[in-house]
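Here's a walk through one chain's sheet pairing, its charged pairs and a few backbone oddities. Have a look at the model first, then read on.

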Amino acid sequence: MADTNAFLPVTSLGYTHLPDESHQTAVPAIRRRRPFKEHLMVVIGLLALGLSVAFLGYKASSNGHMHDSENGSSQALSRERQTNPFVSRGPAAGVSEKANRVSGPKSSQHASRGPAAGVSEKSNRVGNNLRSYPWDINMLSWQRTSFHFQPEKNWMNDPNGPMFYKGWYHFFYQYNPKGAVWGNIVWGHAVSKDLINWMHLPLAIVSDKWYDINGVWTGSATILPDGQVIMLYTGCTNESVQVVNLAYPADASDPLLINWVKYANNPVLVPPPGINDKDFRDPTTAWLTSEGKWRIIIGSKIGREGIALVYDTNDFKTYEIEGILHAVPGTGMWECVDLFSVATEESNGLDTSANVPGVKHVVKASLDDDRNDYYAIGSYHDKNHTWVPDNPIIDVGIGIRYDYGVFYAAKTFYDQDKERRILWGWIGESDSEAADVKKGWASLQSIPRTILMDTKTGTNLIQWPVEEVESLRVNITDFDRVEMKAGETIPLDVGLATQLDIIAEFEIDKEALDKAVESNETFSCEGSGGAAERGVLGPFGVLVLADETLAEQTPVYFHIVKAKDGIFKTFFCTDKSRSSEATDVNKQIYGSFVPVLDGENLSMRILVDHSIIESFAQGGRSCITARTYPTKAIYEAARVFLFNNATDASVTASLKIWQMDSADFQIYPNHATRKLSVFTSILILAAYLSCIEKFRW
């Protein structure tokens, strides 16, 4: 048990913002008509200037971002490591591994990224000694998504500090401004009006102080009743100790929150006695206690027991440790912990500070050991600062996961504008680091999901893509009651099939269900032969990102088995084993059991966006996110099929399939980048030509 007397001394400083910066309004220049030749000379000059800016932007982007620290480990990722990237990223600094553990050129062994730094593993650890695949630029370009959030370039991992503030959704994220592998971590920042279309802003928090010089890691935002914004984040010090730091907006009246100030007396929390220096990270959003104090939890471990430490504060500068919220033996380090409330009877989300009847509380932890996110539903006790699961058999880390594919370091926030709780999750790569370096970027974020209590089962959460994503739907195609015989595959003509939203419902032959024989065998998606392994009652579902010959395909499907006790169990799976002919990508089979209640048809929703497939079963009771890297089933060659690989059952399917438009990603005007420098020059030219047309003689 941690020492409950360990906390920093109280300071006498009050919480005071810096003075707001003055804003001057530019005086518009007087327009004067000029001869056409003079206009032409100006245009040529502007074009030359724009191209010069583009060149300088290219050079600047090669030398780092304007907010990059010039000190400490912010320059630790050398050119040599970029060209030979198969090293560990994260664990040595005290966080999880961040590198893709898929082999690179010449079947080289993968090194770890993360654990040596004290964070979780950031490499994809599946498949050493894989032969390198000759990716070309056409294939790699196709992999970039069109409506999922990602930076313009480079590495991204954990979602941080999401919130709704003065009409804007804010999203911060762990970012390496210097390359497409984990390292040099600072906070990127973007804003949106609808969670789908985004504007990238300058870096928010960079590693330029002794208490975060080795990394600006995961943190959370709290909006106080008076409108102040508090940001608590993990810093990795010059001695690689994990501490909690405080930051706040320089100008709270700025809805974009572009500039941030670090508290002068950081850090505000350090590891208490009994806690390792590299096992103390990821403060949550704060909530109010019954005594009017603010409470947070922080992830840690004692031996092999994963824990969430509880701290109370009045001013976010000084804290008292209250003890341990919850602990589960054998689960290892808990990262990115979360606690939030869910309504048991209503369909709205809740602020965790809300004290209302009919509430359960969810505790979630990202397990350093296996890089998966687990949650459990239970009861939170304010007075003794503890939480108890409803069912210890499915406790945190040993029970239900947010997602059964590639989905980690998730974070929720309460959207007070629409009274809903929204979940973000980091979607890492499943290819080789060599390919990531070649394409110049790595990682995505999931489509934000609303998250609610499943009032029908009482044991599950319901996750569903935010409604705003439906604004991208175009060109719907309906398929009504398509009958599939056992062993049949049916092509679906939907046109371009790399950006899709698919809603499908299936009815299995009742006679086949009645005839099914009980089985002693234990089924699992991962342990099976995938969609190619035929059973009496499955698999059946949809093939996405498939080429015409089915040499490449990614099945998303159901498989039903009749257990020894006569109970039917339904499994929801995604099979990547034939998703690509490439040799250096992860080809796992993902999935889990999904509850299906009496009278429910089997249903799934699939979002396809180039190299990511997000799938939701039974309205969101079970979710699977997969990264796929086809070599043939890309661009116009991608197809969609229905399939039924059951041996004795026919299946009827009804589907609605929309093609999806691309989201809009913009760059903040003063946030110049290499990619947009030329584009900006063209805009300048176009604007001036328009003026010429308007004012010419």
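Let's start with a pair of strands: strand 31 (residues 568-575) and strand 32 run antiparallel to each other and share five bridges. Strands here are DSSP runs of E at least two residues long (helices would be H or I, at least four), numbered from the N terminus, and two strands pair if DSSP finds at least two bridges between them. Within this pairing, C573 has G591 of strand 32 as its bridge partner.

A word on provenance: this is a predicted model, where local features need pLDDT of at least 70 and side-chain atom pairs count only at pLDDT 80 or more, while totals for chains, interfaces and linings use all residues. Residues are numbered from 1 along each chain as its sequence is written, and side-chain values use heavy atoms, with hydrogens and water left out.

Back to the sheet. It is an open one of six strands, ordered 27-36-29-30-31-32, with antiparallel pairing. Strand 27 (488-492) and strand 32 (589-593) sit at the edges with a single partner strand each, so one side of each has no neighbour in the sheet.

Now for the charges. The structure has 28 salt bridges, each being a side-chain nitrogen of Lys or Arg within 4 Å of a carboxyl oxygen of Asp or Glu. Three of them are set out here.

| Salt bridge | Closest N to O |
|---|---|
| D403 and R449 | 3.0 Å |
| R449 and E614 | 3.0 Å |
| K632 and E581 | 3.1 Å |

R449, in strand 24 (residues 449-453), turns up twice. Its partner D403 is in the loop between strand 19 (400-401) and strand 20 (408-415), 46 residues apart from R449. Its other partner, E614, lies in strand 34 (residues 612-617), so that pair ties together parts 165 residues apart in sequence. Are these residues buried or exposed? D403 and R449 are both buried, where buried means under 20% relative accessible area, exposed over 50% and partly exposed in between, using a 1.4 Å probe and protein chains only. R449 has a relative accessible area of 0%, and E614 is buried at 0% too.

K632 and E581 are another matter. K632 is in the loop between strand 35 (622-627) and strand 36 (639-644), and E581 is in the loop between strand 31 and strand 32, 51 residues apart. K632 is partly exposed at 39%, and E581 is partly exposed at 36%. Elsewhere, salt bridges with shared partners join D415, K418, R420, E467 and E468 into one network.

R420 deserves a look of its own. It lies in strand 21 (residues 420-427) and is buried at 8% relative accessibility. Its side chain makes a polar contact with that of E468 at 2.6 Å.

Finally, the backbone. Most residues other than glycine have a negative phi, and most peptide bonds are trans. Which peptide bond is cis with omega near 10 degrees? That's the one from G538 to P539, and P539 is in strand 29 (residues 537-546). N266 and P267 are also joined by a cis bond, with omega about 0 degrees; P267 is in the loop between strand 10 (260-262) and strand 11 (287-288).

Positive phi values crop up as well. S240, not a glycine, has a phi of about 60 degrees and is in the loop between strand 8 (229-236) and strand 9 (242-249). S443 has a positive phi near 90 degrees, is in the loop between strand 22 (441-442) and strand 23 (444-445), and is buried at 1% relative accessibility.

Note on methods:
Polar contact = N/O pair within 3.5 Å; in protein donor to acceptor, adjacent residues only side chain to side chain.
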